[in-house]
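Here's a set of exercises to work through with the structure open beside you. Try each task before you read its solution.

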Amino acid sequence: MNIKELAKKYSLSKSDFWELKRGTISRWIITHDAVEKIAYTEGITFSMPQIIRDNNSNVAMLGQGTLKERTEWSTGEASPNNCKNPYFFAMAEKRLKDRLTLKLINAYQYGIYSDVEADAFKRQS
């Protein structure tokens, strides 16, 4: 599935994704809101995550997502080193759910990532 097929299947607009180019590498970045729309459309369910934290403000969530008979697990993490906002729990949850959703629809194999997965994936003005 390429980005055009993904956009058509889930009724995404051009504002829901953009191409990030770094040298010879090109990745498609999709917004968190668009990933939530995909999860809802597909009926993806998420288990209650295991929350892991330490004394240095690092937060990680380990959880599962299910689409029909397929279940995947992943992590979402946030720390002062990889997150610019002070809402580490919210960012860890977003990263976890977006990663699970993109895994479950096989988007990673086509170079499609969520904008919340890394601060470096933010849209360039």
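**Exercise 1: the surroundings of Ser-114**

Leaving aside neighbours within four places in sequence, Ser-114 touches Ile-29, Ile-30, His-32, Val-35, Asp-98, Leu-102 and Phe-121. Keep in mind that you're looking at a predicted model.

Task: Which element holds Ser-114, and is the residue buried or exposed?

Solution:
- Step one is to place the residue: Ser-114 sits in strand β7.
- Step two is the accessibility: the relative accessible area of Ser-114 is 0%. Buried means under 20%, so Ser-114 is buried.
- Step three is to look at the strand pairing around it. Strand β7 runs parallel to β2, and three bridges join the two. Within that pairing, Ile-29 has Tyr-113 in β7 as its bridge partner.
- Now go back to the contact list: Ile-29 is also one of the residues that Ser-114 contacts.

**Exercise 2: the order of elements**

Task: How many helices and strands does the protein chain have, and in what order do they run from the N terminus?

Solution:
- Count first: the chain has three helices and seven strands.
- Then read along from the N terminus, and you get α-β-β-α-β-β-β-β-α-β.

**Exercise 3: three hairpins**

Task: Which residue takes a positive phi in the hairpin of β1 and β2, in that of β4 and β5, and in that of β5 and β6?

Solution:
- Start with β1 (residues 17-22) and β2 (residues 25-30): they're antiparallel, with six bridges between them. Leu-20 is bridged to Arg-27 in β2. Two residues lie between these strands, and Gly-23 has a positive phi near 65°.
- Move on to β4 and β5, antiparallel again, this time with four bridges. Here Ile-52 has Ala-60 in β5 as its bridge partner. This hairpin has five residues between the strands, with Ser-57 at a positive phi near 70°.
- Finish with β5 (residues 59-67) and β6 (residues 70-78), an antiparallel pair with nine bridges. Leu-62 finds its bridge partner in Thr-75 of β6. Two residues separate the strands, and Lys-68 takes a positive phi near 60°.

While you're stepping along these strands, here's a handy reminder: in a regular strand, side chains alternate between the two faces of the sheet.

**Exercise 4: residues in the loops**

Task: Is Lys-68 buried or exposed, and what about Glu-69?

Solution:
- Lys-68 belongs to the loop between β5 and β6, and Glu-69 lies in that loop too.
- The cut-off you need is that exposed means over 50% relative accessible area.
- Lys-68 comes out at 67%, so it's exposed. Glu-69 reaches 78%, so it counts as exposed as well.
- Compare this with Ser-57, in the loop between β4 (50-53) and β5. Its relative accessible area is 39%, so Ser-57 is partly exposed.
- Like Lys-68, which isn't a glycine but has a positive phi, Ser-57 has a positive phi without being a glycine.

**Exercise 5: sequence versus space**

Task: How far apart in space are the C-alpha atoms of Asn-106 and Met-1, and those of Glu-69 and Asn-55?

Solution:
- Locate Asn-106 in the loop between α3 (88-104) and β7 (112-114). At 34% relative accessibility, Asn-106 is partly exposed.
- Asn-106 and Met-1 are 105 residues apart in sequence, yet their C-alpha atoms are 8.2 Å apart.
- Now try the other pair: Glu-69 and Asn-55 are 14 residues apart in sequence, with 38 Å between their C-alpha atoms.

**Exercise 6: the whole chain**

Task: What radius of gyration does the protein chain have, and how does it fit the expectation for a compact globule?

Solution:
- For 125 residues, a compact globule would have a radius of gyration near 14 Å; the chain has 15 Å, so the two agree.
- Check the outline next: the C-alpha atoms fill a box of roughly 45 × 40 × 20 Å along the principal axes.
- For the interior, note that 39% of the 125 residues are buried. Of the contacts between residues at least 6 apart in sequence, 48% join residues at least 24 apart.
- For the surface, the chain exposes about 7,700 Å², and carbon and sulfur atoms supply 51% of that.
- Last come the charges: there are 19 positive and 15 negative ones, and their mean positions are 4 Å apart.

Note on methods:
Residues are numbered from 1 along each chain as its sequence is written. This is a predicted model: local features need pLDDT of at least 70, side-chain atom pairs count only at pLDDT 80 or more; totals for chains, interfaces and linings use all residues. Side-chain values use heavy atoms; hydrogens and water are left out. The radius of gyration is taken over C-alpha atoms; the globule rule is 2.2 Å times the number of residues to the power 0.38. Buried means under 20% relative accessible area, exposed over 50%, partly exposed in between (1.4 Å probe, protein chains only). Contact means heavy atoms within 4.5 Å. Accessible areas come from the Shrake-Rupley method with a 1.4 Å probe; for residues, only the protein chains shown count as cover. Lys and Arg count as positive and Asp and Glu as negative; His and the chain ends are not counted. The place of a charge is taken as NZ of Lys, CZ of Arg, CG of Asp or CD of Glu. Two strands pair if DSSP finds at least two bridges between them.
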